[in-house]
Amino acid sequence: MMQIPRSSKNARGTIQCDNTTMHLLQANDFVADAIRKAVNERNILLINIVSSAGSGKTTLLQETAKRLKDRLRIKVLVGDLETERDAERIKQTGIEALQIVTGGICHLEAQMIWQAMQKIDIDNTDVLIIENVGNLVCPASFDLGEDYRITLIATTEGDDKPRKYPKMFLTSEMMLISKADLLPYLPFSVEAVIKDAKEVNPNIEHITVSSTSGEGIEAWCNWLVAKLKEKRETNLVADAAQTV
Ligand SMILES: Nc1nc2c(ncn2[C@@H]2O[C@H](COP(=O)(O)OP(=O)(O)OP(=O)(O)O)[C@@H](O)[C@H]2O)c(=O)[nH]1
Ligand SMILES: [Mg+2]
């Protein structure tokens, strides 16, 4: 599994911040490492979904839950500034979801995830998905201990976002181009967005999806299942190596 550095210590590029910010990020990284250890011990795949507000994160998670809930134990932690609406929407699909109300904070921090993990049935989980607060800026700086960071970019947002918000695309392993059903009506070039995203991060993968038409949803779900399998196989090899 490829690891993209996200922490304050090793994020690519120079961190331009004052001492307070640096302390905040160091404290965050400490908890993120604890989360990573906790999910690895339990063989859980941890996914962090980020995007601008309204790009289709919750709708995608509803579709993902509908398709995978009979095969995998999926749980969702969802962050918003206010309201429990997104958690309610996800729970309607029949899976466990917990809302994290940040009360105005524009991103989720590792400490919030750690606390939320104590409130769900974490031991009976295969895939834990975090829906981050909707914006392409602040969530990029906060490692939540995730295995993979997924950025949604909706066709309605314009295809120029990867170069304007590079840190998010740089620190993501997957770009989901969402609301593909609207492509016929919008001046959005899938080729251009992929080209720009690859210029920022040559390793980023991409799938074009629509929660409305269903395009790409199976490919996305297959990707998730494959990553869980890959993680479990890697952990098995590591365990065997320790017993030698
Ligand atoms: N046409 C179209 N609309 C979509 C699609 N996915 C989501 N939407 C609509 O886009 C709007 C926002 O969707 P959400 O899933 O709530 O977006 P979100 O990213 O979770 O939003 P925040 O949590 O507020 O950041 C809703 O009106 C959805 O119905 C899609 O694939 N196609
Ligand atoms: Mg949402």
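**Ligand shell.** I started with ligand 1 in this predicted model and looked up its 17 surrounding residues, of which G56, K57, T58, T59 and G134 come nearest. A residue is near if its C-beta atom, placed from the backbone, lies within 6 Å. Helix α2 supplies the largest share of this shell, three residues. By class I noted eleven polar, four charged and two nonpolar residues, with Gly counted as polar and Pro as nonpolar, and Asp, Glu, Lys and Arg as charged.

**Housekeeping.** Numbering runs from 1 along each chain as written, with chains lettered from A and ligands numbered from 1 in written order. Local features need pLDDT of at least 70 and side-chain atom pairs 80 or more, while totals for chains, interfaces and linings use all residues.

**Sheet.** Next I traced an open, parallel sheet of seven strands, ordered β3-β2-β4-β1-β5-β6-β7. Its edges are β3 (96–101) and β7 (205–208), each pairing on one side only. Strands are DSSP E runs of at least two residues, helices H or I runs of at least four, and a pair needs at least two DSSP bridges. I then checked β1 (45–50) with β5 (148–154) and found four parallel bridges; I49 has I150 as its partner in β5.

**Helix.** Back to α2 (57–68): this helix lies across β1, β2, β4, β5 and β6, at about 165° to β4. Angles run from 0 to 180 degrees between N-to-C directions of axes fitted to C-alpha atoms, for helices over the stretch in contact.

**V76.** Lastly I listed the contacts of V76 (C-beta atoms within 7 Å) beyond four places in sequence: L61, I90, I95, A97, I129 and E131.

Note on methods
Two residues are in contact if their C-beta atoms, placed from the backbone, lie within 7 Å.
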